[in-house]
Amino acid sequence: MNLSRVVPVGLLAAAVLVAGAPAAAAASENKPTVSVVARKLNNPRGIAVGDHGVLYVAEAGKGGHGPCIASPEEPDAEVCLGKTSAVTAVYAKWHKGKPHWKQKRVVTGLPSVAEEDGSFALGLHDISPTHHGALIGTIGGAGTVEARNQLGHGARLLGHVVGLWPHHRHGKVKAIADLNQYEKDHNPDGGEIDSNPYGVLATPHGALATDAGGNDLLAIDKKGAVSTVDTFGSRLVPAPPGIPNLPPQIPMQAVPTTVTKGPDGAYYVGELTGFPFQPGAARIWRIVPGQAKTVYATGFTNIIDIAFDRKGRLLVLQITKDGLLSGNEAGALYRVENGTKTEIAAGKLTMPGGVAVGHDGALYVTNKAVSPGGGEVLRIWA
């Protein structure tokens, strides 16, 4: 798997060793209240708000005991399969006017692939509520159908969009669409065959999903048929210093990680970007199906999730503040308003994975999103 196409799991492992609303210089927000409402999560990624304000967290898991295959990103390592990916519900029980936060895994046994220490796992990456308490989710791929097949029958849901029913006993899971197979059959961006489904958004007609490996936005209808909405091409950027035998400029791929619906009814897609993860180069695209996509916001670094708050302001979550090659694990959350981006909860985020706006107006962020057993959900009141 080409490093320029890898999504956060592999990229992070290596890295740590608007036109319509242009991003201006970042301002600082005065001391928001930040509290931990869930703990001991395994590589928590996307987060969504369901019925009655319940938070649902996509845990990518921590891999397992196998089968194992050679790591697509690190030639001397291997990754192993386990059934450790899950959905966790987080909710408040009120006592004497104060919330006491509870958490419970409500869907378990989903496939997860990781190296031996369980960090930077591939598994359930994102979730989006549909109706009657159901969720739709994306499970990351092993890159190709052939690599998935090497992992055996237990890996069959890797690379899929799935339906999830957390209110069923032990949870219910149903395969909806195989995005790994769609990449193999169609390869929408015309590049290397590589698929890693990441962001997902339920729609009235089914769902939209970003394939971070395939560099595209895909539509999945209610019968599971997949079609291409748009693709995201590469750009030439300066080669990073200190790496021998590179030309002055190298192609950097888009690596779309997130999709959401804006208050104007359009869809918005955020980029992680691929190697060399140039700081300030990640963009947010505005997409109206049937029209040419446009750049909505610029000046970000390694976007992992986006959302709009209750006032219609854009929220942008960066998995790293300074870039994946910086060695700095600090993440960043920005609010964009009137051309200015304001950092929220500066210094409080470590490799975050997802952001959602609660019914109470608070922001909820999955933190330590590449950690097995150390992941958190933060409540930010700003």
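Start with the largest pocket in this predicted model: its volume comes to about 620 Å³. To find the middle of the pocket, select Ser128, Pro129, Leu201, Thr260 and Lys261, which lie nearest its centre among the 29 lining residues.

Now colour the strands that contribute to that lining. S3 (44–49), S8 (124–129), S12 (197–203), S18 (256–261), S22 (303–308) and S26 (354–357) each put in at least two residues. Switch to colouring by residue class, and the lining of the largest pocket splits into 18 nonpolar, 7 polar and 4 charged residues.

Next stop, the second largest pocket, with a volume of about 430 Å³. Which residues lie nearest its centre? Select Thr130, His131, Ile136, Ile176 and Lys222; they belong to a lining of 23 residues. Strands S9 (135–139), S10 (160–165), S11 (172–178), S12, S13 (206–211) and S14 (216–221) each supply at least two residues here. S12 is worth keeping highlighted, since it is also on the list of strands giving at least two residues to the lining of the largest pocket. By class, the second largest pocket's lining has 12 nonpolar, 7 polar and 4 charged residues.

Hide the pockets and show S8 to S11 as a cartoon. These 4 strands make an open, antiparallel sheet in the order S8-S9-S10-S11. Why do S8 and S11 each have one side without a neighbour in the sheet? They are the edge strands, each with a single partner, so nothing in the sheet pairs on the other side. Look along the sheet and you can follow the twist, which averages 25° from one strand to the next.

Zoom in on S10 and S11, an antiparallel pair joined over 6 bridges. Pick out tryptophan 165, and opposite it you will find lysine 172 in S11. Then add helix H3, residues 179–186: this helix lies across S10 and S11, at about 5° to S11.

Finally, zoom out to the whole chain. In full view there are 3 helices and 28 strands. Along its principal axes, the C-alpha trace spans about 65 × 50 × 40 Å. How does the radius of gyration of the chain stand against that of a compact globule? For 382 residues a compact globule would have a value near 21 Å, and the chain has 19 Å, which agrees.

Key
Residues numbered from 1 in each chain as written. Predicted model: local features only at pLDDT ≥ 70, side-chain atom pairs only at ≥ 80, totals over all residues. Heavy atoms only, no water. 1 Å grid on protein atoms, 1.4 Å probe; cavity = no way out; pocket = protein on both sides within 12 Å on 5 of 7 lines; lining within 4 Å. Points joined across faces, edges and corners; volume = space filled by probe spheres on them. Nonpolar A, V, L, I, M, F, W, Y, C, P; charged D, E, K, R; others polar. Pairing = 2+ DSSP bridges. Axes fitted to C-alpha atoms, helices over the stretch in contact; angles between N-to-C directions. Contact = heavy atoms within 4.5 Å. Rg over C-alpha atoms; globule rule 2.2 N^0.38 Å.
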